[in-house]
Amino acid sequence: MRLKEGAVEFFIPELPDLISKDMEVFYNPFMAINRDFTVLILKAYSKLKAKKLFIADPMSASGVRVLRLLEETDAVEKAFLNDIKKEAIELAQKNLEGHQNVEYFNKDANVFLLENKGFDYIDIDPYGSPVPFLESAIKSLKTGGLIGITATDTASLSGSYPFKAFRRYGSKPLDSEFYHESALRILIKSVIEASFRLDSVLKPVFGFSYRHFLRAFFIKLKGVSKAVDISTKIGYIGYCHSCKFRANYTCILDLPKFCPLCGDFFDYGGPLYIGPIYDNELLNIMKDEDFTYFHKDTIKVFNSILKESSIKSPWFYKANIFGKGIMPKLKDILKDLKATPTHFSPEGFKTDVPFTYVKEYFEKWA
Ligand SMILES: C[S@@+](CC[C@H](N)C(=O)[O-])C[C@H]1O[C@@H](n2cnc3c(N)ncnc32)[C@H](O)[C@@H]1O
Ligand SMILES: [Zn+2]
C-alpha cells in the first residue's frame, strides 16, 4: 500500500491495526513525529556545520526516514541504509528508487556500523532498548558528528520494571509525577557513560518524550577534556513522596535517608543526567526552519521545548500533587511561579523558583 508522511510518498506491504515486530516490514505512523525531529535537527545541524552529511540508518526498515531526509532537506551528501531483514532493505531500495547517493546493506546493525565508520549522522531506532547498539554507533560516529537515539522501552525507564531498567541502564527509575523526564535523563546518562567507556564524549543537544518513546540527540565532542565537565552533571534526584520535596545530588553519599523538609522516607532516582538537555545554538537554527510538512504535535512539542529549555531544574511539577482542591489555571501558575509549560505533560510546568515557594503557593488552594 501507498502512504504519505511529511513531504514524501512510499510503499509498505500492510498497515495492521496493531503495529508490531511481526509486520513484514516495520512502519509505525505514530513515529512520524520522531522522523519530523530527525528532519528538523539534520537541517539545523548541516547549517551549523556548513556542510552536507554522510548519514547512516542502521535499522532503516522501509527507508522512510532517509527518504524524508533526502527529499525534505539539503543536508545529505550520501546515505547508508541497513536492516537485518532482507524484505526491509529490498523495500527501502524500491522506496528510494531514483536517488543515486545511497548504499544499501543487509547486516546486523553492529556489524554494519563497525565495518563502515566515519558517519556525520547515525540514527539508532531499534525495537525497545538502544543499549546493544551504543558502542558500535559511538565508534562509528565521526568526531563532531551527531547521533539520534530512540528508546521504546519507556515502561522500564519510567519505573514500571525497575529491575529491567537497572539491568539495561544501570539506574534506578524514580516513581514521581515527572517520571517521563527522569526516564529521558536516565537514557541520556547511559549514552554518556557508554561514550566515556570508549574514551569519547557525547554531549546531549536535544531530547524529548512522546507517547511510547524517548528520543535524544548528542554531538561527539573533540578530545576528552569535556568529560569532567559532563560527569559533574550525572547525579541523583532525591524525592519525598509525602511532601514532594525534591533536590539534586551529584554524589550518592550526600543523599539523605529522610526528607530534609518533613522527615519522611526520602526516595531517589539515578544515576541520571541532571544538566541541560538542549543546545541553544541548534535550537535557534531549528526554530527558523520550515515546519510545513510536520505533524501538529511536532510543532507543539518543539514550541514547548523552546520555552522549557530555559529552566535548569531536571524535573517538572503538576499542581495536583499538592492537594485535591481547585487549583489555579495553568496560565496563572506560569505567571505566578515564573514557570514554563513542558512538553513532557500537558498539565505539567517547569520552574526554577525554590520548592518551598512552589509548595506554599499551592497550599493556599489545596
Ligand atoms: C523500529 S524498526 C525501525 C524503523 C525505522 N527506523 C523507521 O523510522 O521507520 C527496527 C528495525 O530494525 C531492524 N532490526 C532489528 N534488529 C536488528 C539488528 N540487530 N540489526 C539490524 N537491523 C535490525 C528490524 O528489522 C526493523 O526493521
Ligand atoms: Zn518530605
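Is F322 buried or exposed? In this predicted model, F322 is buried, its relative accessible area being 11%. The report below begins with the surroundings of F322 and then turns to the zinc site, the sheets and the backbone.

## F322 and its aromatic partner

F322 forms an aromatic pair with F355, one of 31 such pairs that a search of the whole structure finds. The geometry of the F322–F355 pair is tilted, with 6.2 Å from centre to centre and 40° between the planes. F322 lies in the loop between strand 13 (317–318) and helix 12 (330–336), while F355 belongs to helix 13 (residues 355–363), so the pair ties together parts that are 33 residues apart in sequence. F355 counts as buried because its relative accessibility is 7%, under the 20% limit.

Helix 13 also contains K359. This lysine is buried, with a relative accessible area of 18%. Leaving aside residues up to four places away in sequence, K359 touches F322 and C243. C243 is in turn one of the protein donors of the zinc ion (ligand 2).

## The zinc site

Four cysteine sulfur atoms serve as the protein donors of the zinc ion (ligand 2): SG of C240, C243, C259 and C262, at 2.2 to 2.3 Å from the ion. Along the chain, these donors follow the spacing C-x2-C-x15-C-x2-C. C240 is located in strand 10 (residues 234–240) and C259 in the loop between strand 11 (246–249) and strand 12 (266–273), so the pair ties together parts that are 19 residues apart in sequence. Both C240 and C259 are buried.

The angles that the four donor atoms subtend around the zinc ion (ligand 2) run from 101 to 117°, which makes the arrangement tetrahedral. For four tetrahedral donors the ideal angle is 109.5 degrees.

## Residues in the loops beside strand 11

K244 is placed in the loop between strand 10 and strand 11. Although K244 is not a glycine, its phi is positive, at about 75°. With 16% relative accessibility, K244 counts as buried.

L255 is found in the loop between strand 11 and strand 12, and at 15% relative accessibility it counts as buried. Apart from residues up to four places away in sequence, L255 touches Y236, G238, Y249, F266 and Y268. The C-alpha atoms of L255 and Y239 are separated by 9.9 Å, the two residues being 16 apart along the chain.

## Sheet pairing

Strands 13, 15 and 14 form an open sheet of three strands in the order 13-15-14, with antiparallel pairing. Strand 13 and strand 14 (340–342) are the edge strands, each pairing on one side only. Two bridges join strand 13 to strand 15 (residues 345–350) in the antiparallel sense. Y317 has F349 of strand 15 as its bridge partner.

Strand 6 (residues 119–124) and strand 7 run parallel and are joined by five bridges. F119 is bridged to L141, which lies in strand 7. Strand 7 (residues 141–151) is mostly covered, with nine of its eleven residues buried.

## Other ring contacts

Ring pairs link a cluster made up of F37, F206, F208, Y210, F213, F217, Y278, F291, F294 and F302.

Lysine charges also sit over aromatic rings. The charged end of K94 sits over the ring of F11, at 4.5 Å from the ring centre. For K164, the charged end sits over the ring of Y161, 5.1 Å from its centre.

## Backbone features

G270 and P271 are joined by a cis peptide bond, with omega about 0°. P271 is part of strand 12.

A50 has a positive phi of about 50°, although it is not a glycine. The residue is placed in the loop between helix 1 (32–49) and strand 3 (53–57). A50 is exposed, with a relative accessible area of 68%, whereas K244, which also has a positive phi, counts as buried.

Key. Residues are numbered from 1 along each chain as its sequence is written. Chains are lettered from A and ligands numbered from 1 in the order in which they are written. This is a predicted model: local features need pLDDT of at least 70, side-chain atom pairs count only at pLDDT 80 or more; totals for chains, interfaces and linings use all residues. Side-chain values use heavy atoms; hydrogens and water are left out. Donors are N, O and S atoms within 2.8 Å of the metal (3.2 Å for Na, K and Ca); water is not among the atoms, so sites may look incomplete. Four donors count as tetrahedral if all angles lie between 85 and 135 degrees; four count as square planar and six as octahedral if opposite donors are over 155 degrees apart and all others between 65 and 115; anything else is irregular. Helices (H or I, at least four residues) and strands (E, at least two) are DSSP runs, numbered from the N terminus. Buried means under 20% relative accessible area, exposed over 50%, partly exposed in between (1.4 Å probe, protein chains only). Rings of Phe, Tyr and Trp (its six-membered ring) pair if their centres lie within 6.5 Å; planes under 30 degrees apart count as stacked, over 60 as edge-to-face and the rest as tilted. A charge sits over a ring if NZ of Lys or CZ of Arg is within 6 Å of the ring centre and within 35 degrees of the ring normal. Two strands pair if DSSP finds at least two bridges between them. Contact means heavy atoms within 4.5 Å.
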